[in-house]
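Trainee: I have a model open and keep running into labels on it. Could we go through them together, one by one?

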Amino acid sequence: PPSSSPTAMPSRVPSVQPTSQPSESPSSTPTLQPSNSPTTTPSSQPSDVPSAIPSPVPSSMPSSFPSPAPSFEKCGISAEDRRNNFTISLQSVSDPIELVTPGTPQNQALEWLIEDDKLCVCPDEFLTCQLNVTVPRFVQRYVMAVFYFSTDGGNWDECNAPDDVCNTTQVDEANALCNVLGDGPDVFNFDIVQDTDAW
């Protein structure tokens, strides 16, 4: 047993020798210093809190649970739901078979709208026309894209869309090759003016 008062000098040997078996429950306070080497076997249960310092290298094993499906942030739905909404809605605009047949202008327009359109319209965005008709915004873009692909857009002599609409040099080059002449009002009685916008 320990003495009732401390000695003046510490002893070189502890008064109680460590046991050969671990205790059944952890101590109430952690040791002040970490051990010099890690344990050779992992603990049976993961810790409740993450480590304070992230690992410098990725784990060699993939996670056992997949991450959730990516969402189409702007629309608040998954990319798959956005694709399905467009495809189902556009079956009332185009022949459903043509819409899903690769290589048709309708399918090219659908794929452009879903994958490449920099505007990234959502299925629930609507336009109200002058005749007080409300239509989904993507339908207008789809119809114009069908026109573009069905008239061999990309191979026009004039007014081709640039490959990258975010590249100002390509936009300027495309516009320089485009000259639209107006010859009176359009179907909504708006004057058509001369313009140089390629897209």
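Mentor: Happily; here is a conversation about how each label is earned.

Mentor: Please keep in mind that this is a predicted model. The mean pLDDT of the protein is 75, and 55% of its residues reach 70 or more.

Trainee: Which elements have the lowest and the highest mean pLDDT?

Mentor: Strand β1, residues 71-72, has the lowest mean at 52, and helix α2, residues 96-100, has the highest at 96.

Trainee: How many helices and strands are there, then?

Mentor: The protein has five helices and six strands. Along the sequence they follow the pattern β-β-α-α-α-β-β-α-α-β-β.

Trainee: What can you tell me about burial and surface overall?

Mentor: Of the 199 residues, 18% are buried. The protein exposes about 16400 Å², and carbon and sulfur atoms supply 57% of that area. As for contacts with a separation of 6 or more, 42% are between residues 24 or more positions apart.

Trainee: Let's turn to the helices. What makes α1 roughly perpendicular to α4?

Mentor: Helix α1 (residues 79-90) and helix α4 (residues 137-150) pack at an angle of about 70°, with their axes 11 Å apart. Angles of 65 to 115 degrees count as roughly perpendicular, so α1 is roughly perpendicular to α4.

Trainee: Which residues make that contact?

Mentor: From α1 come F86, S89 and L90, and from α4 come F138, V139 and Y142. They divide into five nonpolar, one polar and no charged.

Trainee: Why is F86 called buried?

Mentor: Buried means under 20% relative accessible area. F86 has 0%, so F86 counts as buried. This residue sits in helix α1, and beyond four places in sequence F86 touches L110, L113, I114, V121, C122, P123 and F138. The C-alpha atoms of F86 and Y142 are 9.6 Å apart, with their positions 56 residues apart along the chain.

Trainee: And T87, in the helix α1 too; how do you know whether T87 is buried or exposed?

Mentor: Use the cut-off of under 20% again. T87 has 15% relative accessibility, and therefore counts as buried. Leaving aside residues within four places in sequence, T87 is in contact with L99, V100 and L110.

Trainee: What makes S89 partly exposed?

Mentor: Partly exposed lies in between the cut-offs: under 20% is buried and over 50% is exposed. S89 has a relative accessible area of 33%, so S89 is partly exposed. S89 lies in helix α1, and its C-alpha is 9.1 Å from that of P136, 47 residues apart in sequence.

Trainee: Why does C166 count as exposed?

Mentor: The cut-off for exposed is over 50%. C166 has 57% relative accessibility, so C166 counts as exposed. You will find C166 in the loop between α4 and α5. C166 and K118 are 48 residues apart in sequence, yet 8.3 Å apart in space, C-alpha to C-alpha.

Trainee: I also marked C120 and D152. What is the sign of phi at C120?

Mentor: Phi of C120 is near 50°, a positive value in a residue other than glycine. Most residues other than glycine have a negative phi. C120 is found in the loop between α3 (105-116) and β3. Its relative accessible area is 25%, so C120 is partly exposed.

Trainee: And what about phi at D152?

Mentor: D152 has a positive phi of about 60° although it is not a glycine. D152 lies in the loop between α4 and α5 (168-176). With 43% relative accessibility, which falls between the cut-offs, D152 counts as partly exposed.

Trainee: One last spot: how do you know that F126 and R137 touch?

Mentor: Contact means heavy atoms within 4.5 Å. Not counting residues up to four places away in sequence, F126 touches T134, V135, P136 and R137. The C-alpha atoms of F126 and R137 are 4.8 Å apart, and the two residues are 11 apart in sequence. F126 lies in strand β3, residues 126-128.

Trainee: Thanks, I can now put each label next to its cut-off.

Terms used:
Residues are numbered from 1 along each chain as its sequence is written. This is a predicted model: local features need pLDDT of at least 70, side-chain atom pairs count only at pLDDT 80 or more; totals for chains, interfaces and linings use all residues. Side-chain values use heavy atoms; hydrogens and water are left out. Axes are lines fitted to C-alpha atoms, for helices over the stretch in contact, and angles run from 0 to 180 degrees between N-to-C directions. Helices (H or I, at least four residues) and strands (E, at least two) are DSSP runs, numbered from the N terminus. Angles under 35 degrees count as roughly parallel, over 145 as roughly antiparallel, 65 to 115 as roughly perpendicular and the rest as oblique. Ala, Val, Leu, Ile, Met, Phe, Trp, Tyr, Cys and Pro count as nonpolar, Asp, Glu, Lys and Arg as charged, and the others, Gly among them, as polar. Buried means under 20% relative accessible area, exposed over 50%, partly exposed in between (1.4 Å probe, protein chains only). Accessible areas come from the Shrake-Rupley method with a 1.4 Å probe; for residues, only the protein chains shown count as cover. pLDDT is the predictor's confidence in each residue, from 0 to 100.
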